[in-house]
Amino acid sequence: MDFIVKKEITENDRQDVYQELLKYNLEHLEDKHPQELGVFLENEHGKKEAGLIADTHGNWLLIHYLWVSEKRRGEGLGSRLLVTVEEEARKRGCKYAFVDTFDFQAPGFYIKHDYENVFQLENYPLTGTRFYYTKRL
């Protein structure tokens, strides 16, 4: 039996591996029910001008995306999004938060909000740095 190396992965390939991994993980995770969490700012026309996408899973808030439109940057909206999502995570019983960011994105922003660098991946993907932060809520 030989390994098959593919340059393009089909959705079926992805689902085959994902579903088997998920089945295994769910047998071992204490909390099997992550909950989605989103915080958004929309203008009077319903267009998003800022948003944060996360989920909570057991003790952890996992921040996936935080974005503020260029025209609204500098107004403190990112900080307000972060504070709001952390408050909701505490209500859900979370004790910790996790986020990763690139050197060209917002490492200073998270440090300013008491996130601690627990790991950084240098030369990613080629010359940049990807930072991994946690915070005790």
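I looked up Ile 53 and found it in strand E2, residues 48-57. The model is a predicted one. Ile 53 has a relative accessible area of 34%, so I noted it as partly exposed. I then checked what it shares the surface with: Ile 53, Phe 40 and Tyr 65 form a nonpolar patch, with about 320 Å² of accessible area together.

Next I went to Phe 40, which sits in strand E1. Its relative accessibility is 42%, and I entered Phe 40 as partly exposed. Which residues does Phe 40 touch, not counting those up to four places away in sequence? I listed Lys 48, Ala 50, Gly 51, Leu 52, Ile 53 and Leu 81. For one of these, Ala 50, I also took the C-alpha to C-alpha distance from Phe 40, which is 5.7 Å for two residues ten apart in sequence.

Between strand E1 (35-42) and E2 there is a loop, and I looked at Glu 44 in it. Glu 44 is exposed, at 69% relative accessible area. I compared its position with Glu 30, 14 residues away along the chain, and the C-alpha atoms of the two are separated by 42 Å.

I moved on to Thr 101 in strand E4, residues 96-102. Is Thr 101 buried or exposed? At 3% relative accessibility I recorded Thr 101 as buried, because the cut-off for buried is under 20%. Its side chain reaches the backbone nitrogen of Ala 106 at 3.3 Å. Leaving aside neighbours within four places in sequence, I found Thr 101 in contact with Ala 106, Pro 107, Tyr 110, Thr 129, Arg 130, Phe 131 and Tyr 133.

I turned to the aromatic rings last. The count of aromatic pairs comes to nine. I examined Phe 119 and Tyr 132, whose ring centres are 5.6 Å apart and whose planes stand at 45 degrees, so this pair is tilted. Phe 119 belongs to strand E5 (residues 116-122) and Tyr 132 to strand E6 (residues 129-136), so the pair ties together parts 13 residues apart in sequence. I checked the exposure of each partner: Phe 119 is partly exposed at 47% relative accessible area, whereas Tyr 132 is buried at 17%.

I also noted one aromatic cluster, formed by Phe 109, Tyr 110, Tyr 115, Phe 131 and Tyr 133. Going back to my Thr 101 entry, I saw Tyr 110, Phe 131 and Tyr 133 among the contacts of that residue.

Methods:
Residues numbered from 1 in each chain as written. Predicted model: local features only at pLDDT ≥ 70, side-chain atom pairs only at ≥ 80, totals over all residues. Heavy atoms only, no water. Patch = residues over 30% accessible without salt bridge, like charges linked within 9 Å, V, L, I, M, F, W, Y side chains within 5 Å. Areas by Shrake-Rupley, 256 points an atom, 1.4 Å probe, with all protein chains shown as cover. Salt bridge = Lys/Arg side-chain N within 4 Å of Asp/Glu carboxyl O. Helix = DSSP H or I, 4+ residues; strand = E, 2+ residues; numbered from the N terminus. Buried < 20%, exposed > 50% of the residue type's maximum accessible area, 1.4 Å probe, protein only. Polar contact = N/O pair within 3.5 Å; in protein donor to acceptor, adjacent residues only side chain to side chain. Contact = heavy atoms within 4.5 Å. Phe/Tyr/Trp six-rings, centres within 6.5 Å; stacked < 30°, edge-to-face > 60°.
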